[in-house]
Number of protein chains: 4
Amino acid sequence: MSNEEVKVHDLGFVKLLDVMGNDEEVENAARISYGEGTRKTSATRNLIRYLMRHKHTSPFEMCEIKFHLKLPIFVMRQLVRHRTANLNEYSGRYSVMSDDFYFPKGKNLKPQSSTNKQGREEGELGNDTGELEFEIFRIFDGAKNAYHNLLDWNLSRELARIVLPVSNYTEVIWKTDLHNFFHFVKLRGDNHAQQEIQDFAHVMYHLVKPHFPLCCEAFEDYIRDAVTFSKKEMEIIKDNINTIVATDRLSKREETEFLEKLK
Amino acid sequence: MSNEEVKVHDLGFVKLLDVMGNDEEVENAARISYGEGTRKTSATRNLIRYLMRHKHTSPFEMCEIKFHLKLPIFVMRQLVRHRTANLNEYSGRYSVMSDDFYFPKGKNLKPQSSTNKQGREEGELGNDTGELEFEIFRIFDGAKNAYHNLLDWNLSRELARIVLPVSNYTEVIWKTDLHNFFHFVKLRGDNHAQQEIQDFAHVMYHLVKPHFPLCCEAFEDYIRDAVTFSKKEMEIIKDNINTIVATDRLSKREETEFLEKLK
Amino acid sequence: MSNEEVKVHDLGFVKLLDVMGNDEEVENAARISYGEGTRKTSATRNLIRYLMRHKHTSPFEMCEIKFHLKLPIFVMRQLVRHRTANLNEYSGRYSVMSDDFYFPKGKNLKPQSSTNKQGREEGELGNDTGELEFEIFRIFDGAKNAYHNLLDWNLSRELARIVLPVSNYTEVIWKTDLHNFFHFVKLRGDNHAQQEIQDFAHVMYHLVKPHFPLCCEAFEDYIRDAVTFSKKEMEIIKDNINTIVATDRLSKREETEFLEKLK
Amino acid sequence: MSNEEVKVHDLGFVKLLDVMGNDEEVENAARISYGEGTRKTSATRNLIRYLMRHKHTSPFEMCEIKFHLKLPIFVMRQLVRHRTANLNEYSGRYSVMSDDFYFPKGKNLKPQSSTNKQGREEGELGNDTGELEFEIFRIFDGAKNAYHNLLDWNLSRELARIVLPVSNYTEVIWKTDLHNFFHFVKLRGDNHAQQEIQDFAHVMYHLVKPHFPLCCEAFEDYIRDAVTFSKKEMEIIKDNINTIVATDRLSKREETEFLEKLK
């Protein structure tokens, strides 16, 4: 464990604190279900890919990943929705909150998307971003000062903090199992998630991948980059697809499964 | 279901949206475990008290309670930690946030506790609270204006909102089972919890109680108002307690259990 | 709630005990996230289909379904793996177990699949099934008698029951939210699941469907009957699909999403 | 990790496969919530005891424990009820079940308790236990033979196994966090739990304790060996307790808390 802090944005970070398990442990957990029967079957990689493809998720739950994160409160509010994780967050009741705020500037101040009600899009804001930055700075600076003034007047910490904006940074120890981590990465690394949590998800995934290279490869192929078609979409595909002759890009077993899906 | 909004603080509310089950349903669920054997046993109240006393929690999980809440973000951040609940929160990515803020005033601006690092205490702040209120108002008013300015300049909603303080109101549909609701009330209705979430917990409990009078009575007697002593504290109690003669305040069965605990 | 027992196999049953919510409640829960902004958008059906398609699962968690099931222990052992459910099972420690056993006969005694290590297949057993039935009967009858003899000799119920086979029937109250119920149906109604739990899943789904017609329709189109292709499979599909001209079988919005997936 | 198999009963075992974290990691997780403010406070032991006493459970969730267990199906059915655990069980659909059965003999064949409907008690069975053992043996031997006959006749494994009794041994990889492990030990190590799962719980706890000596000590003092009194019981205690003068058996802080509870 290198334990190095990887920066996210100007003031946030991700640190991988601890990992339990590895690719072989996933295999070992799976072998328990299969008993002696499987010994012959196949190498670790094939087994892991089979498990991922068929959503046999429990062997992946046998590994755990623990992070230390520094992130804005509004990102924390999205992270906490993943209920299978364990977490311990910095307490603004007990301690004084940091003076750091997530402050996007310049071209990072993106306009409201015209097609997606819950997102931003590329492009220019009508205004000079300087004006927006000033507006944002005014609030961050004011809130920071107000917070400290309130503390100086001995207002209880749990009340003083209510003036702090959701861009204020917090810290958390966050732990989850590998299966649920993949689920988190699928949802929050997706380009429909808010950009800021995507940035965290990508760094977290990048740190985890060397510890589980085969699991991550399988995750990418069968989950992250997989595409799902509805019943009606499948009808259209079947009506429009040519006879598939050579699918030498798939293993024999996967080819059978593939052709089955197109029948 | 009266569906009436009960006010909490100036701008928040609790509405009980739906309830599944009642005292009898808890009994019915328990009877399944016991089979024919119990029919004779006892009335609903006795059975429910037995279940609560012995932490047979699953029958209480068979009931559900659903609320609509309007609450400050900092209270929402405490509520969301109860992971067995289901929730749907207002989205600041999709919609414009409200202009309402939780704003404690006058004697509600309590000083930092001198004995409890994570709480407030009764007593006067050194300063006139008017000064504190002005400081708080300045931030709330500034943040509200900045937020709307940023929206007017077409900054994406998911970014504009980051200037809003954690006192800003959000809304949520929150649903949990009766067992986990009791756990929530035990923790968040306790006087070590932050006052603001206590206020919500008390109103929520008050609305639920008429739907489960026997379960709530048992919860109060055996959980909420129960006291736990450590191994060492028990030694001291045993050394200092008089022979207990008449405990006609307990049922025969409970008396046996009680004396057993003191042996 | 008709509360009628629907038979599964000879001796099991499913009874739908209670339902919380309906299609409109799913919509209402979703509207909370969207705030005023959506009012105009669309009818219930469109919204529900949108939520299902994009895996916005929390609104479906706002509904609950409660069953009373009588099922063999080996099926119960599969059911209990769905950890988000609440359950209360008949207790063989407290009460005397039933004399009922799941007893497949004749053509239901299917041979081991030659292609799927964990399943059966169509076809004839080498032997007359009468011989197998006799073997099975001998065990069930013997276990039943032994169990009652052990009870007659006053062996504790929790020990006497250990001679009973996993085909012995148990009963359970089982409750879950609609999202997790769909997940259960997807996994256990699938033809890779053991036939016996499929039979239960299908009856349970059949009873739930009239209570949530729009949610169930969306579940079938976007989840149950949807097909997922891996990254490599998608490459093959893209190489082999004709230009799709008329997709008047999809809504405008879905057509855009569909073509996007094939790009 | 010694990785040694510890025998439970004649044929079962517990093997501690892996541990994530230790006492110091629990402290580190807690420090995150408290920020700089606590550094001075206190040594690891005091902090851990404080956390346990006040049910601050999340730091204990930051550690994980993974076991390999061989246990009878009826014990597995109790273990699986702990829903926060992850597990991977041997599959009787995929592989041939073992020929091992849990077989209590002689004085372990205990009579039904006359006071506790769900338990056994000390004492003699009316009958010679030899007769009971023969009855049990007859079923185990018959079931084993029938199972293998059915397999020989090529009945699918998932069907053949239904003749096997719940005393048949299965295997499982079972993983949980330290907080939920303590909860498991509290419930299943308790003398109201079935003796057989108590035996497993005790061995598991014994293997875990050297990895978390301070956490385990705190668990024993404040949870395992603690006693809870209901509201009414507390009234009786308060009426019957002498003025407590010297409680030098408690720390200053705990003494204050103790006297508070008796007020």
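The following exchange takes up how terms are applied to this predicted model and its chains.

Analyst: Residues are numbered from 1 along each chain as its sequence is written, while chains are lettered from A and ligands numbered from 1 in the order in which they are written. Because the model is predicted, local features need pLDDT of at least 70 and side-chain atom pairs count only at pLDDT 80 or more, whereas totals for chains, interfaces and linings use all residues.

User: Why is chain A called more spread out than a compact globule?

Analyst: The radius of gyration, taken over C-alpha atoms, is set against the globule rule, which is 2.2 Å times the number of residues to the power 0.38. For the 263 residues of chain A that rule gives 18 Å, and the radius of gyration is 23 Å, well over it, so chain A is more spread out than a compact globule. Its C-alpha atoms fill a box of roughly 75 × 45 × 30 Å along the principal axes. Chain A is also divided into domain 1 (1-102 + 167-226) and domain 2 (230-263), with bounds that come from an automatic or database domain assignment, and 32 Å separate the centres of these two domains, taken over C-alpha atoms.

User: How do you know that chain A and chain B are related as by a two-fold rotation axis?

Analyst: Copies are superposed by least squares on the C-alpha atoms of residues with pLDDT of at least 70 in both. A rotation of 180° with 0.0 Å of shift along its axis places chain B on chain A with an RMSD of 0.0 Å, and the two copies are therefore related as by a two-fold rotation axis. Of the residues of chain B, P165(B) comes closest to that axis, its C-alpha lying at 1.8 Å.

User: What makes residues of chain B count as being in contact with chain A, and how many are there?

Analyst: Two residues are in contact if their C-beta atoms, placed from the backbone, lie within 7 Å. By this criterion 47 residues of chain B are in contact with 47 residues of chain A. On the side of chain B that touches chain A, the largest share, 10 residues, comes from α5(B), a helix in the sense of a DSSP run (H or I, at least four residues; strands are E, at least two), numbered from the N terminus.

User: Why is it said that the copies meet through the same surface?

Analyst: Of the interface residues of chain B, 100% are also interface residues in chain A, so the copies meet through the same surface.
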